[in-house]
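Subject: Handover of a predicted model

Dear colleague,

Please find below the sequence and structure that I am handing over to you. My notes on what was found follow directly after.

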Amino acid sequence: DLELDLQRCQQLSVTVLTDHQDLSNTELKTITNSTAPQQYRIRAKLRTYKPQKLHQSVKLHCSKCNSLQEVPDGDDFDLILRGSANTAPNPELHNTSWYESVTWTTQDQRQRAIAIHFVKHDEMLQHPEDTLLMIEGGTLKEIWKLTKKFKCVIPVRSTEDDLELLDLSAPFLLQGNVKYYGCKQCSTPKPVKSISSIAAEQQPSWEPTEIAQVLGIELLQYVFIMKFTLVDETGALNAYLFDY
């Protein structure tokens, strides 16, 4: 709808971009020569807008270092998962005091070893809709199936001593149809066993912000960004839209 609205705006000869009825119209040249912050009412044409495809407007933003990055596509995530599947699950890390493990080998040509670790609460498994689980060796398709049934899914791999998160180019957490990413620059990933502190809470909520905090992850937020170029007879002005 917004994309259609933008196209309509370009077709109109004059468009009111802001609505401060108590203010008189100000020429763009005056605005560009003024110091911020000020409040103006303008009448201008929308000459161009970027990006042209609306889905490209969604970015990932780190509030700590103020960086912006593109949202990785599914192919990137799939490649990382395939690479992590080359490391077989470590049996010594299965069935600990805070999670219960299930393992099997796929019957396909690759014969992948898969391990799923269900995090327990009060030494009991929770209902699927309240459960956080960790998966090793799963494909993107298998992970999306799990997110439809369980509350949270964390892709992991084995080391000699503990489970660890994948490269932060991949989402560290999936909840429903949302992928949560961490900032590579500002995050200091902790061992996955840090999650056990949430499992020990009276009523674990498994909120992404809390999970990110205990894992040492600086959570990236999805933001919507667009750039508009506005023109009148006196000049041009770039206007930016930035919203969570």
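In helix α3, which spans residues 74–84, the buried residues are Phe77, Asp78, Ile80, Leu81 and Ser84. Viewed down the axis of α3, these buried residues fall within an arc of 160 degrees, so they line one face of the helix. Asp75 and Leu79 are exposed on the other side of α3. Please bear in mind throughout that the model is predicted.

Annotated span

The UniProt record, an unreviewed entry, carries the annotation "domain: Protection of telomeres protein 1 C-terminal insertion" for residues 75–218. In the model, the end C-alpha atoms of residues 75–218 lie 23 Å apart. Helix accounts for 22% of that span and strand for 27%.

Strand pairing around β13

Several of the pairings found involve strand β13, residues 221–232. Strand β2, residues 43–50, pairs with β13 in the antiparallel sense over five bridges. Within this pairing, Lys50 has Lys227 of β13 as its bridge partner.

Strand β3, residues 58–61, also runs antiparallel to β13, and four bridges join the two. Val58 has Phe224 in β13 as its bridge partner, while Lys59 stands opposite Val223 in β13.

β13 is further joined to β14 by nine bridges, again in an antiparallel arrangement. These two strands form a hairpin with two residues between them. Asp232 stands opposite Gly235 in β14.

β3 has another antiparallel partner in strand β4, residues 68–70, to which three bridges join it. Lys59, already mentioned for its position opposite Val223 in β13, has Glu70 as its bridge partner in β4. β3 and β4 form a hairpin with six residues between them. In the turn of that hairpin, Asn66 has a positive phi of about 65 degrees.

Backbone geometry

Two cis peptide bonds may interest you when you prepare the model. One joins Ala36 and Pro37, with omega at about -5 degrees. Pro37 is found in the loop between α2 (28–32) and β2. The other joins Lys50 and Pro51, also with an omega of about -5 degrees. Pro51 is found in the loop between β2 and β3. Lys50 is thus a residue to inspect on two counts, as it takes part in this cis bond and has Lys227 as its bridge partner in β13.

Positive phi values also occur in residues other than glycine. Asp122 has a phi near 55 degrees. Asp122 is found in the loop between β6 (113–121) and β7 (124–125). Trp206 likewise has a positive phi, of about 55 degrees, although it is not a glycine. Trp206 lies in the loop between α5 (196–199) and α6 (208–214).

Are these two loop residues buried or exposed? Asp122 has a relative accessible area of 61%, and because the cut-off for exposed is over 50%, it is classed as exposed. Trp206 has a relative accessibility of 0%, and because buried means under 20%, it counts as buried.

Surface patch and the end of β14

Which residues make the nonpolar surface patch of about 330 Å²? They are Leu68, Phe242 and Tyr244. Leu68 falls in β4, which covers residues 68–70. Tyr244 lies in the segment after β14, a strand that runs over residues 235–243. With a relative accessible area of 52%, Tyr244 is exposed.

Leu237 is found in strand β14. Its relative accessible area is 22%, and because partly exposed lies between the limits of 20% and 50%, Leu237 is placed in that class. For a sense of scale, the C-alpha atoms of Leu237 and Glu136 are separated by 51 Å, with the two residues 101 apart along the chain.

With kind regards

Conventions:
Residues are numbered from 1 along each chain as its sequence is written. This is a predicted model: local features need pLDDT of at least 70, side-chain atom pairs count only at pLDDT 80 or more; totals for chains, interfaces and linings use all residues. Side-chain values use heavy atoms; hydrogens and water are left out. Patches are made of residues with over 30% relative accessible area and no salt bridge: like charges are joined within 9 Å, nonpolar side chains (Val, Leu, Ile, Met, Phe, Trp, Tyr) within 5 Å. Accessible areas come from the Shrake-Rupley method with a 1.4 Å probe; for residues, only the protein chains shown count as cover. A salt bridge is a side-chain nitrogen of Lys or Arg within 4 Å of a carboxyl oxygen of Asp or Glu. Buried means under 20% relative accessible area, exposed over 50%, partly exposed in between (1.4 Å probe, protein chains only). Two strands pair if DSSP finds at least two bridges between them. UniProt positions are given in the numbering used here, feature names are shortened, and annotations may be inferred rather than shown by experiment. The arc is that of the directions from the helix axis to the C-beta atoms.
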